[in-house]
Amino acid sequence: MEVIIVETPLDGAKEAFDIFTRVKEQDGKVYGLATGSTPIELYKLLVASELDFSDCVSVNLDEYVGLAGDDEHSYRYFMNEQLFHAKPFKESFVPDGLAPEDTEIARYEQVLADNPIDLQLLGLGSNAHIGFNEPGTDFSERTHKVHLTESTINANKRFFANEEDVPRYAYSMGPASIMDAKEVVLMAFGEGKAQAVKDMIEGEVTPEVPASILQNHEHVTIIIDQAAAQLL
Ligand code: GLP
């Protein structure tokens, strides 16, 4: 794992942008993308850049079950707003939150098989989840339906009018699907992520700390600010 500690989240976004630029120059065609507040500055940099993804494919990590793509709380909607409208890809895959579990999981695994990811972008949950892989998720799990934990529902309720509106389930690429990416870049900012960052980098590799699996990946860059790095 290469760990880059930056002054500000914007500096972190610039580091991640440089990695996207390098992978693009190396003819990377498939980009695994993430939602949440963490990648927003990176997406702004990508939008403002000259980079052209119109011959590339994006594959998102996860989506809430029960939300349509045009629901403003869905991750499809978020991606359209933050990136795809201004910086289109040839094809952009996001799990379909309205599709039934058995067909959607099989479809998404086929998407991943057909589009091996060159660069996977990740955020980090405060409980060290990646995608929506909550603590305890088996490392061999691939795309699956997830029952969200109370801590994730709590963390994400800020985006919804009421806590009851936060979906309880999501479809998510699993740890094994994420580990298939050729390269991974994870960003985490703020003191709320400090314990998760420490456990991910210095702790035991265990399903109780989903992001710790990245210790076993051969090409990972972790970009954190001073606040997120304070327990290292
Ligand atoms: C959600 C997403 C994750 C994301 C995490 C952190 O749970 N499923 O992909 O990394 O939130 O969100 P934020 O970047 O807003 O802290």
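This briefing covers the ligand shell, the largest nonpolar core, one open sheet and two residues with positive phi. The structure is a predicted model. Its ligand is surrounded by 14 residues, and its largest nonpolar core holds 62 residues. An open sheet of 3 strands is described after these, followed by the loop residues Asp27 and Ala128.

**Ligand shell**

- Among the 14 residues around the ligand, the nearest are Ala34, Gly36, Ser37, Thr38 and Gly123.
- By residue class, the shell consists of 9 polar, 4 nonpolar and 1 charged.

**Largest nonpolar core**

- Within this core of 62 residues, the members that touch the most others are Leu124, Leu186, Ala188, Val197 and Ala211.
- Strand 9, residues 183-188, supplies the largest share of the core, with 5 residues.
- Apart from neighbours within four places in sequence, Leu124 has contacts with Ile130, Leu186, Ala188, Lys193, Ala196, Val197, Met200 and Ala211.
- As a general background, nonpolar side chains in soluble globular proteins tend to be buried together.

**Open sheet of 3 strands**

- The strands of this sheet run in the order 4-8-7, and their pairing is antiparallel.
- Strand 4 (62-64) and strand 7 (144-147) are the edges; each has a single partner strand, so one side of each has no neighbour in the sheet.
- On average, and with direction ignored, neighbouring strands of the sheet are turned by 25° against each other.
- The antiparallel pairing of strand 7 with strand 8 (residues 169-172) extends over 4 bridges.
- Lys145 has Tyr171, in strand 8, as its bridge partner.

**Residues with positive phi**

- Asp27 is not a glycine, yet its phi is positive, at about 75°.
- Asp27 sits in the loop that links helix 1 (9-25) to strand 2 (30-33).
- Asp27 counts as exposed because it has 9 C-beta neighbours inside 10 Å, and the cut-off for exposed is 12 or fewer.
- Ala128, also a residue other than glycine, has a positive phi near 75°.
- Ala128 lies in the loop between strand 6 (119-122) and strand 7.
- Ala128 counts as buried because it has 24 C-beta neighbours inside 10 Å, and the cut-off for buried is 20 or more.
- Taken together, Asp27 is the exposed residue of this pair, whereas Ala128 is the buried one.

Definitions and conventions: Residues are numbered from 1 along each chain as its sequence is written. This is a predicted model: local features need pLDDT of at least 70, side-chain atom pairs count only at pLDDT 80 or more; totals for chains, interfaces and linings use all residues. A residue is near a molecule or strand if its C-beta atom, placed from the backbone, lies within 6 Å of it. Ala, Val, Leu, Ile, Met, Phe, Trp, Tyr, Cys and Pro count as nonpolar, Asp, Glu, Lys and Arg as charged, and the others, Gly among them, as polar. A nonpolar core is a set of buried Ala, Val, Leu, Ile, Met, Phe, Trp, Tyr and Cys residues joined through C-beta atoms within 7 Å. Helices (H or I, at least four residues) and strands (E, at least two) are DSSP runs, numbered from the N terminus. Two residues are in contact if their C-beta atoms, placed from the backbone, lie within 7 Å. Two strands pair if DSSP finds at least two bridges between them. Axes are lines fitted to C-alpha atoms, for helices over the stretch in contact, and angles run from 0 to 180 degrees between N-to-C directions.
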